[in-house]
Structure formats: C-alpha cells, structure tokens
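User: I would like to learn how to read the features of a structure. Please take me through them one at a time.

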Amino acid sequence: MRRERLIFFRRNKMEKNEKLAMIRHSMAHVMAEAVLEMFPTAQIAIGPSIENGFYYDFDLPRSLTEQDLEEITERMKNIIKSDRTFKRSVVSREEAKEIFKDQKYKLELIDSIPEGEEVSLYNQGAFTDLCRGPHVASTKDLNADAFKLLSVAGAYWRGDEKRPMLQRIYATAWETPKELRLYLDHLADIEKRDHRKLGKELDLFSLHEEAGPGLVYWHPRGARIRQIIEDFWRKEHYENGYEMVYTPHVGKSWLWETSGHLGFYKDSMYPPMEMDNMDYYTKPMNCPFHIMIYKNSKKSYRDLPCRWAELGTVYRYEKAGALHGLMRVRGFTQDDAHLFVTPDQMEDEIIEVLRFSLHMLHSFGFNEIHAYISTKPEKSVGDVEKWDAATEALKKAVEKEGLKYDIDEGGGAFYGPKIDLKIKDAIGREWQLSTVQFDFNLPERFGLTFVDKDGVEKQPYMIHRALLGSIERFFGVLLEHYAGAFPPWLSPEQIAIIPVAEVANDYAKELEKRLKKDGLRVVSDLSNERMNAKIRKAQQMKIPYMLIIGEKEMNNNTVSVRYRNGKQEFGLSYDDFVASVKAKVESKEQL
RNA sequence: GCCAAAGUAGCUCAGUGGUAGAGCAGCUCACUCGUAAUGAGCAGGUCGCGGGUUCAAUUCCCAUCUUUGGCUCCA
C-alpha cells in the first residue's frame, strides 16, 4: 500500500519536474525575445532550463545593468500576458541557416546537430529559436508573477575560455508565485547561513587581503572549535588503528619531480624558493612525505598495513577567481592519511576506511550521505587487473555499508579509482567531504616495495584518504549546517554566566571557576551592562546555555538556566545542571 | 585567468568636484537593574593602493590589488 503511494508520489514528482523544465525553458525563450526587443542586434546563444530556473546567454553591444534587468522583466511580463502560442516546425538545415543567417552562434549550433537528426524551430510571436523543445503550449501557461531575474554573469561560449565571453542572465521560475516565494525564502536562508558572514559575526576567523588572499586566520573562538574537532579526530584515529606522523612544510624539487606533481600540477603550486642552488617548494600534498617515511626502512608484509595520519597543512595556488571564504582557500589543512597495504589486505582496509568515515560524519551531525564511485578513465596508469580489483573493493565496501551510490564511469583520477562521500546539510545542500582514493602511480614512481611471505619483493597498494576533506572547508560546512548554533560539544563557549547585577559578580566568578574545573567552557559577563543586554549578546553569540544569577540563586546556591532556544528553568542545583550539560556534550546532541 | 559589480571608521552602510556622516562596536561617567539593546558624553577615517585630468579629486579618467556573483547545466 505505502509502496504504491510512494511510486505514485514519485511519478507525480517526475511529471512536475518535466513540467517545470518546460516552463523554464519556455521562459528562457520569452526572455530572449524581450532582450531582442531591447537590443535588436543582440546575438543569442543558448538558453536551457536548469535547476530552479533557467538562463540565456547573449552577446550584447554593452553590459547589462540592474535597470536593464527590470526592463527585461517588464517586457517579459507583457509577452507572457499577450498569450502567444509556441509553434513547433521542422526545417531543413539550409532553411535554418537562412533564418539564422545573422546569428553566428545559432549557425554554429546548426552545424553541430548530428546528421539525420531533424532541425526544429519554436516560434512565439516575433521570436523564433532553434530549439529541441519541448515547450508549453502558450505563454498563458506561464505565470508572469512566478519568475525573477537573479543576476548577470559572464560565461564563455560553450564553456571554453578561449571563446568569446557572453553575458548570461540567470533567473528562477516556478509554476506559482507561492513556489517562487518559497524559493526566494530558501535563498535568503542560504544567505543568512553564509559562513563568511557568520564567521565575522561570531568572531571565528578572518582573511586578510593585505597579508595574502585565501589564507585563513583562526580567532580564539574559531580556534577552539577547530581544536575540539582536531582532538576528537586524533582520538578516533588512534582508536581506529592509525598512527600520527608529522612532516615538513617544504621539500626539495626532487620530491615533486619524482611524484610527478611538477609535471601535472605546477601551476597550482606556490613558486619555488631557491636555496644553495636548489629549489624548495611548499607542499601541495602530504603524500610524498609519508612515502619518505615508508621508504626509510625495508618493509615486510608483517609491517603492513601502515596507516599514517596527519593534519597536514598544504598550500595550493588556486586561481584568484576560485577563492571563496573557507570553502576554497590557498592554505589549508587536510585531515590526511595514507594506507600502505598488501593486495590481500586491500578489501578489508577499504571497508574499514569507509566505516570509519561514516562514523566521523555521523558524529558531526551529518546523517544523509551519498557515495560516488569513480572508475578508470581513458588515460590511466596501473594494470587493468589492479583497477578492477580496487574498483570492486570500493563497490563492495559501499554495498556493505548500505550506502546509496552512483558510479561515475571513467571519472577517476589517472592514478586510481576513488569513492567520494557527499553529505546533505540542514537545508538540503550537498557537500563533498570524504574521499578515498587508490593510487597506482606513486608506489611505482617512488619504487615502494614490501617483502612478502614468499620472500619476493612486491609493490604495496597505496590509499589516500581524507574524511573531513580540509579542516577549513569542513569548518565552513559545519558552520552553515548549524547556522552558527553549534551543538554544545562543539560550542566555543558552552555556558555564559550573567549576573543580574553587580552583587552577584562574586558568585559568578565562583561558578565560573567550578564549571571550568568540571571541564566546561565558560565565560562570565561581568561588564557594566544591563542583564538584558548581556543576554542579548550571549544570544547573538549563540551560546547554548546562559546562567542568569542574582540574589535568589546566591542565597539558595542554585542556578537559573536560559537556553539558546529561549526556554528557561529556575532553581536548578549546580550538580543537576552540570550533569545535564555533560550528558549533551557526551552524546554530541544538538541542544 | 576572463565577464560584471563593489572597496568610505572595527562592523553595517549613507554621501559629495571645494579634503566626510549615521547606527552598532570602543572609551569615560552615571544608573545596580530578574530573561533579546539604560542614558549621556568622548574618541575614531591619507574615502583600497598608484598615476592622470583639474585652481581643487574620496567624487571624473586610467592602471593595479582585493572582495563578491558567475565562467559545470547545451539547440
């Protein structure tokens, strides 16, 4: 019964998506018509429907402004209201070329339509577009109040940076104004959760253009959260069979020549520092360093698996336009580990890494997880058998954990297959965090070996893995996931003590001392402010517990608690309060 | 890197061809307060950096750095 309903619901959802795609694509045509009204010489490129809306690319005599978007919107509304039908017609290539003889991008598109496929046009009113369709029947199927032009952006023709830069207008479109409003609310929510904004408001971190873009400064409150994350991370790693290592931040070019990074990756590395006629590079990855440790002594099969973890800070020269808050930076700390394993151990190790990954992600409150397996690309190193065995191990592990997964055929790196895990955050956005990658390249290049039972030297499998990705990015994701209201175990300050008036200051200090001794993170606000102002401040810093204390609490030796969500409790004993906070911290639950 | 927009006090932002203004934050003083902002006063800026035009530039122009939105969605 339920199953049937589910299927029905799914079918409905699919139909809805198709309908929306039709609406959006039709809207794109309407927008193109409006733009052509304003700029008769405009060259039009393509205008597909996309997630949540549509866009259209134009080559225009001048750049668009905000005012232009308003005018285009008005013109679109008029077009929609004039009730034009979308008429489909099929023409020959020659006819199509004649119709679009002034539209160079369309001409190029016509030439790219495979032989044997028909060339169709859609026409509404004065506007005809080369288009595969489908479209709604008429503009009256579009709602003039259910779309919004969002932004203008540059976009290369066909996504190729060597081709002309076009102006792309992004828009969102829905069936009803209500759906539009919900979507706009969602966008506002995203803005409110923006980690760059929260980072400033909660005094967690900063970036300084004058000191180097894309490099992160962790403030005391942010550093505290980071330290909690790292402490937890280390403890879990020791418990799960890893050893910690530390490696240098720079290394001679020999390392990067051998690893191949200087060949493939040079543009993303910080330029070399010359010393004693030798080039040194800051590290863009930790792998070669861990390999040096491996190579330091002859390894027996008895030594494997080696599981070596490091919170390794690396530097990569990301393109200027790619930098984004904490999500894309130039210096970051990978929660890296490398596993050197025998072929026999590979499968169990992968299963274990995946299990461990999920455990870590769950601990931080991410419960919806999707796996993506990427397989062998055209160009690759390593034997086919190795690729097959490794890919099989990845699949087995994912299946064993009961994860939903997609396969990206040919999407692996040239050096090995991988699994990426993406989590869904509190408002449904996906973020890639964990990655587990085989590497058939580095063991070869560095000549890694181990002596097997039969006394023969063999090559170990090498696995790179990062569970959180980078600490910076992970922190950004966490911040947006919780909208800054961290669960007590991660809160930089768990408790704010707020005396009602100065008389309670001594009691506040005493409480602070006791709570700190009990292992909790506390601040007391002894400033000359009013109680209400102090509460407001603590509330804005999203501190989960506030202890409001005055004469009553002092005389009865109790505390009154105000929770971040506004709930209040009066006259709690100290011990009861501490026990309840500790229980929350222990369980890692949100308040 | 490319297209577009932006850069003014610690933060959020206003403003002008005649060298700047608000709110919050900060500091000082008074108030000693019971669950989201007590009041008054003070202080704070080479208007991103460099050049040009001008009697005069924060304002106009050029260059540069940085930030933001994009540059993956394929007729």
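User: How much space lies in the largest cavity?

Analyst: First, the ground rules. This is a predicted model, where local features need pLDDT of at least 70, side-chain atom pairs count only at pLDDT 80 or more, and totals for chains, interfaces and linings use all residues. Residues are numbered from 1 along each chain as its sequence is written, chains are lettered from A and ligands numbered from 1 in the order written, and side-chain values use heavy atoms, without hydrogens and water.
Now the idea. On a 1 Å grid over the protein atoms alone, a cavity is a set of points where a 1.4 Å probe fits but cannot get out; lining residues have an atom within 4 Å of a point. Points are joined across faces, edges and corners, and a volume is the space filled by probe spheres set on them. Here, the largest cavity holds about 50 Å³. Among its lining residues are Leu202, Arg221, Phe486, Glu493 and Arg564.

User: How many cavities of 30 Å³ or more does a search of the whole structure find?

Analyst: The search finds 2. The second largest has a volume of about 40 Å³. Its lining includes Asn240, Arg307, Glu349 and Phe356. Helix H11 (residues 346-363) gives the largest share of that lining, 4 residues. Helices (H or I, at least four residues) and strands (E, at least two) are DSSP runs, numbered from the N terminus.

User: Which residues lie closest to the centre of the largest pocket?

Analyst: A pocket is an open set of grid points with protein on both sides within 12 Å along at least five of seven lines. The largest one has about 1,100 Å³ of space. It is lined by 37 residues, and Tyr265, Met285, Arg316, Gln334 and Gln437 are the closest to its centre. Strand S20 supplies the largest share of the lining, 7 residues.

User: What lines the second largest pocket?

Analyst: That pocket, of about 630 Å³, is lined by 26 residues, with Ile46, Leu130, Cys131, Arg132 and Gly133 nearest its centre. Helix H1 contributes the largest share, 4 residues.

User: Where does RNA strand B meet the protein?

Analyst: A residue is near a strand if one of its heavy atoms lies within 4 Å of it. RNA strand B is surrounded by 56 residues, and Leu130, Arg132, Arg530, Arg536 and Gln568 are the closest. Helix H16 (residues 531-540) gives the largest share of this surface, 6 residues. Of the strand's atoms within 4 Å of the protein, 48% belong to sugar or phosphate and the rest to bases.

User: Which atoms of RNA strand B lie by Arg132 and Asn528?

Analyst: A side-chain N or O atom of Arg132 is 2.4 Å from a phosphate oxygen of the strand. For Asn528, a side-chain N or O atom is 2.6 Å from a base nitrogen. Gly159 uses a backbone N or O atom, 2.9 Å from a phosphate oxygen.

User: How many aromatic pairs are there?

Analyst: Rings of Phe, Tyr and Trp (its six-membered ring) pair if their centres lie within 6.5 Å; planes under 30 degrees apart count as stacked, over 60 as edge-to-face and the rest as tilted. A search of the whole structure finds 27 pairs. Phe364 and Trp489 form a tilted one, 5.2 Å centre to centre with 40° between the planes. This pair links parts of the chain 125 residues apart. Phe364 and Trp489 are both buried (under 20% relative accessible area; exposed is over 50%, partly exposed in between; 1.4 Å probe, protein chains only).

Definitions and conventions. A polar contact is a pair of N or O atoms within 3.5 Å; within protein, one must be able to donate a hydrogen and the other to accept it, and residues adjacent in sequence count only if both atoms are side-chain atoms.
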